[in-house]
Amino acid sequence: MAALLPRLFGDMSDWFEMEFPRPAPPIRFEDKVSDKEYVLRAELPGLEPDKDVQISTHDGVLTIKAERREEEKGLNRSEFRYGMVHRSVRLPANADEAGIKATYRKGILEVIVPLTAPAPTARQIEITTGE
């Protein structure tokens, strides 16, 4: 049995020298909420926002999609990650989706969502008697 081990696992050494495709990391977010707005900042370095980034909202969920395309294929070494990434976040209940604005500067996407005055969350219900 011991004689079989080098033959069985000897070819596996090639596996450790291979580069396996790695999934793209998720988009990193930071956000803050004030009385007037919800601000979300996302790290998206090296992208062209008008070509590579899409922002959408649907039913109170904000979604950011970004794609980094590989420009050149060859025998060069690259540790860059290419492909599509996306991330969604639920907006506050009083978010004004029609007023959302986004800017991109120095690799950071900033999305500003205005907030409307919060609706009353509780009210007293009067009880009537059936007399």
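This report describes a sheet and a nonpolar core in a predicted model.

## The four-stranded sheet

Four strands make up an open sheet in the order S1-S2-S7-S6, with antiparallel pairing. Strand S1 (29-33) and S6 are the edge strands, each of which pairs on one side only, and neighbouring strands of the sheet are turned against each other by 15 degrees on average, direction ignored.

## How the strands pair

S1 is joined to S2 by five bridges in the antiparallel sense, and Val33 has Tyr38 in S2 as its bridge partner. Seven bridges, again antiparallel, pair S2 with S7, where Glu43 stands opposite Ile108 of S7.

On the other side of the order, strand S6 (residues 101-105) runs antiparallel to S7 and is joined to it by five bridges, with Ala102 partnered by Val111 in S7. These two strands, S6 and S7, form a hairpin with two residues between them, and Lys106 in the turn has a positive phi of about 55 degrees.

## The nonpolar core

The largest nonpolar core has 18 residues, and those with the most contacts inside it include Tyr38, Leu40, Val53, Leu109 and Val111. At least two residues of this core come from each of strand S2 (37-43), strand S4 (61-68), strand S5 (83-90) and strand S7 (108-114).

Along S7 the side chains alternate, so to speak, between two faces: Leu109, Val111 and Val113 point to one face and are buried, whereas Ile108, Glu110, Ile112 and Pro114 point to the other and are not. Leaving aside its neighbours within four places in sequence, Leu109 is in contact with residues including Leu40, Leu44, Val53, Ile64 and Ala102.

Terms used: Residues are numbered from 1 along each chain as its sequence is written. This is a predicted model: local features need pLDDT of at least 70, side-chain atom pairs count only at pLDDT 80 or more; totals for chains, interfaces and linings use all residues. Side-chain values use heavy atoms; hydrogens and water are left out. A nonpolar core is a set of buried Ala, Val, Leu, Ile, Met, Phe, Trp, Tyr and Cys residues joined through side-chain atoms within 4.5 Å. Buried means under 20% relative accessible area, exposed over 50%, partly exposed in between (1.4 Å probe, protein chains only). Contact means heavy atoms within 4.5 Å. Two strands pair if DSSP finds at least two bridges between them. Axes are lines fitted to C-alpha atoms, for helices over the stretch in contact, and angles run from 0 to 180 degrees between N-to-C directions.
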